[in-house]
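Visitor: I am new to this structure and would like to learn how to read it. Could you walk me through a few features?
Guide: Gladly, let us look at it together.

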Amino acid sequence: MTTSDLSAPGADPSAIAAEAAAVLAERTGAARHEVALVLGSGWQVTADLVGETVAEVPVTDLPGFVAAAALGHVGVVRSVRVDVPGRDEEVRALVFASRTHLYEGRGVRPVVHAVRTAAAAGARTLVLTNGCGGLDPDTPPGTPVLISDHINLTATSPLEGATFVDLTDLYSSRLRALAHEAAQAHGGLGEGVYVQFRGPHYETPAEVTMAGRLGGDLVGMSTALEAIAARHAGLEVLGLSLVTNLAAGVSPTPLDPQEVVDAGRAAGPRIGALLADVVRRVLAER
Ligand code: 8IG
């Protein structure tokens, strides 16, 4: 008798991810999804631009997943058909329109379960997106930024035991080069170091100053732990942040969660076209 509860004694997260992938294969009619996308704040509206949704599965139907909690997050996984230039066969992307955050207090396993499920579903590439605070006052809300590297300030890891994993070039320079090519038609893309805090509170201005002195450009509450799990699972990672607000203390006004959501909505069509181009290029390359 196996359990699909990630927190049960003796639970094997990879085995539960394999179960979830099997349910996805059955419900979507696709044996394999080549690329997976996790859509963070501001990116949800972009799913329709990536391709035609063939099937939609509530995450609550998938072993190991929990219902979405965060503002602007919807708990479904979509199987999307992507038109890839030069490829005649059907190509599918798995789109997670929600994520589980560390601040939900369920531990790290649920945070990275979508990543492990994507790997079990056959994905070789993972595109992690998020909404974040920006440290550069000259990068206005609504600007997408490529993640070049991260600083994990959560004091935890998605890996357990003596699982030593190299994180050099975690945010693949090959995929970043593809993203820069795609972005030429969309006004270009800057790069930045993403700093993951646990949240759910935003940073104090002093913490934002600290993040900058440590080498950070962007602050948020996701992505780094997922990227680590992705590398462990053998996925090549691309990270895209949407600056939805200036970080605390950079902006003269306090952060308003509604403004964060609004900035994401406003940027949606532009960053959606960019994301779709990036995904097509990634899938054309293999
Ligand atoms: I959207 O300014 C978004 N998420 N930590 N700080 C942190 N997370 C965020 C922020 C921010 N904006």
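Guide: Keep in mind that this is a predicted model. Let us begin at the ligand: strand S5 (125-134), strand S8 (218-220) and strand S9 (236-246) each supply at least two residues of the shell around it.

Visitor: Which strand gives the most to the shell around the ligand?
Guide: That is S5, with three residues.

Visitor: Which residues are around the ligand?
Guide: Going along the chain, you meet Gly131, Cys132 and Gly133, then Tyr202 and Glu203, then Val219, Gly220 and Met221, and after these Thr244, Asn245, Leu255 and Val260. Sorted by class, this shell has six nonpolar, five polar and one charged residues.

Visitor: How should I read the polar contacts there?
Guide: Look for pairs of N or O atoms within 3.5 Å. Glu203 has a polar side-chain atom 2.4 Å from a nitrogen atom of the ligand. In the side chain of Asn245, an N or O atom is 2.7 Å from a nitrogen atom of the ligand. Gly133 takes part through its backbone, with an N or O atom 3.4 Å from a ligand nitrogen.

Visitor: How much of the ligand's accessible area does the protein cover?
Guide: On its own the ligand has 330 Å² of accessible area, and the protein covers 95% of that.

Visitor: Now, how do I find empty space inside a protein?
Guide: Rolling a probe the size of a water molecule over the atoms shows where empty space is left. In this structure there is one cavity of 30 Å³ or more. The largest cavity holds about 120 Å³ of space. It is lined by 15 residues, and the closest to its centre are Phe65, Ser98, Arg99, Thr100 and Ala114.

Visitor: What gives the most to the lining of the largest cavity, and how does the lining divide by class?
Guide: Helix H3 (residues 109-120) gives the most, with four residues. By class, the lining has nine nonpolar, four polar and two charged residues.

Visitor: What about the protein as a whole?
Guide: Count the elements and you get seven helices and nine strands. Along the principal axes, the C-alpha atoms fill a box of roughly 55 × 45 × 35 Å. The radius of gyration is 18 Å, which agrees with the value near 19 Å for a compact globule of 286 residues.

Visitor: Are there backbone details worth finding?
Guide: Try two loops. In the loop between strand S7 (190-196) and helix H5 (205-213) you will find Pro200. The peptide bond leading from Gly199 to Pro200 is cis, with omega near 5°. Then go to the loop between strand S6 (143-152) and helix H4 (173-183), where Asp169 lies. Asp169 is not a glycine, yet its phi is positive, at about 55°.

Methods. Residues numbered from 1 in each chain as written. Predicted model: local features only at pLDDT ≥ 70, side-chain atom pairs only at ≥ 80, totals over all residues. Heavy atoms only, no water. 1 Å grid on protein atoms, 1.4 Å probe; cavity = no way out; pocket = protein on both sides within 12 Å on 5 of 7 lines; lining within 4 Å. Points joined across faces, edges and corners; volume = space filled by probe spheres on them. Nonpolar A, V, L, I, M, F, W, Y, C, P; charged D, E, K, R; others polar. Near = heavy atom within 4 Å. Polar contact = N/O pair within 3.5 Å; in protein donor to acceptor, adjacent residues only side chain to side chain. Areas by Shrake-Rupley, 256 points an atom, 1.4 Å probe, with all protein chains shown as cover. Rg over C-alpha atoms; globule rule 2.2 N^0.38 Å.
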